[in-house]
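Me: I would like to practise reading a structure with you. Could we take the features one by one, with the general idea and then the case in hand?

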Amino acid sequence: LKNTHISAANGTSEILADFGLEPLPNGANALQYLRRPEVNYDVIASLVPPPEPLTGDVIEQVFDNALIQAGLMVDPRRMVERSYKILERATKK
């Protein structure tokens, strides 16, 4: 949260109003905003959703990378196909 800025745009005012809070005309740092007594984690999570969990493909890719580094990877073809899938998903966002 320390490096996350809450923008004043993109529906922020509406979300804050749902929690009975005043709008942030200039935005705010998420960690500093969380320190306010009237703000709780539910407010922050609504404004700055947590990152998506790692998918199975990403976890397998990290494991295969470790196998390669250890010299234990026998057939890297699956890994290459999976890399392309992960890259496609990442570039669609």
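Me: Where is Thr12 found?

Reply: Thr12 is found in helix α1, which covers residues 12-18. Please keep in mind that we are reading a predicted model.

Me: Is Thr12 buried or exposed, and how do I decide?

Reply: The general idea is to look at the relative accessible area, where under 20% means buried. Thr12 has a value of 7%, so Thr12 is buried.

Me: Which residues is Thr12 in contact with, leaving aside its neighbours within four places in sequence?

Reply: Ile6, Ser7 and Leu47 are the contacts of Thr12 once those neighbours are set aside. You can read the link with Leu47 from the other side too: Leu47 touches Ile6, Thr12, Ile15, Leu16 and Tyr33, again not counting residues up to four places away in sequence.

Me: Leu47 makes me think of a core. Which residues form the largest nonpolar core?

Reply: In soluble globular proteins, nonpolar side chains tend to be buried together. Here the largest nonpolar core has 11 residues: Ile6, Leu16, Leu21, Leu24, Ala28, Ala30, Tyr33, Val39, Val43, Ile44 and Leu47. Two elements, α2 (30-34) and α3 (41-47), give two or more residues to this core. The largest share comes from α3, with 3 residues.

Me: Ala28 is on that list. Where does Ala28 lie?

Reply: Ala28 lies in strand β2, residues 28-29. With a relative accessible area of 12%, Ala28 is buried.

Me: What is Ala28 in contact with, leaving aside its neighbours within four places in sequence?

Reply: Its contacts are Thr4, His5, Ile6 and Tyr33. For Ile6, you can also compare sequence with space: Ala28 and Ile6 are 22 residues apart along the chain, while their C-alpha atoms are separated by 5.2 Å.

Me: Let's step back to the whole chain. How many helices and strands are there, and how do the elements run?

Reply: The protein chain has 5 helices and 2 strands. From the N terminus on, the order is β-α-β-α-α-α-α.

Me: Is the protein chain spread out or a compact globule?

Reply: The way to judge is to set the radius of gyration beside the globule rule. The radius here is 20 Å, well over the 12 Å that the rule gives for 93 residues, so the protein chain is more spread out than a compact globule. Along its principal axes, the C-alpha trace spans about 60 × 25 × 20 Å.

Me: What share of the residues counts as buried, and what does the protein chain expose?

Reply: Of the 93 residues, 20% count as buried. The protein chain exposes about 7100 Å², and carbon and sulfur atoms supply 57% of that area.

Me: How do I read contacts between distant parts of the sequence?

Reply: Take the contacts with a separation of 6 or more, and ask what part comes from residues 24 or more positions apart. In the protein chain that part is 41%.

Me: Can we try some single pairs, starting with Thr55?

Reply: Gladly. Thr55 is found in the loop between α3 and α4 (56-69), and at 32% relative accessible area Thr55 is partly exposed. Thr55 and Ile86 are 31 residues apart in sequence and 9.3 Å apart in space, C-alpha to C-alpha.

Me: What about Ala70: buried or exposed?

Reply: Ala70 lies in the loop between α4 and α5. Over 50% means exposed, so Ala70, at 51% relative accessibility, counts as exposed. From Ala70 to Ser7 there are 63 residues in sequence and 44 Å in space, C-alpha to C-alpha.

Me: And where is the place of Leu87?

Reply: Leu87 is in helix α5, residues 77-92. Leu87 is exposed, with a relative accessible area of 52%. Leu87 and Asp64 are 23 residues apart in sequence and 16 Å apart in space, C-alpha to C-alpha.

Key. Residues are numbered from 1 along each chain as its sequence is written. This is a predicted model: local features need pLDDT of at least 70, side-chain atom pairs count only at pLDDT 80 or more; totals for chains, interfaces and linings use all residues. Side-chain values use heavy atoms; hydrogens and water are left out. A nonpolar core is a set of buried Ala, Val, Leu, Ile, Met, Phe, Trp, Tyr and Cys residues joined through side-chain atoms within 4.5 Å. Buried means under 20% relative accessible area, exposed over 50%, partly exposed in between (1.4 Å probe, protein chains only). Helices (H or I, at least four residues) and strands (E, at least two) are DSSP runs, numbered from the N terminus. Contact means heavy atoms within 4.5 Å. The radius of gyration is taken over C-alpha atoms; the globule rule is 2.2 Å times the number of residues to the power 0.38. Accessible areas come from the Shrake-Rupley method with a 1.4 Å probe; for residues, only the protein chains shown count as cover.
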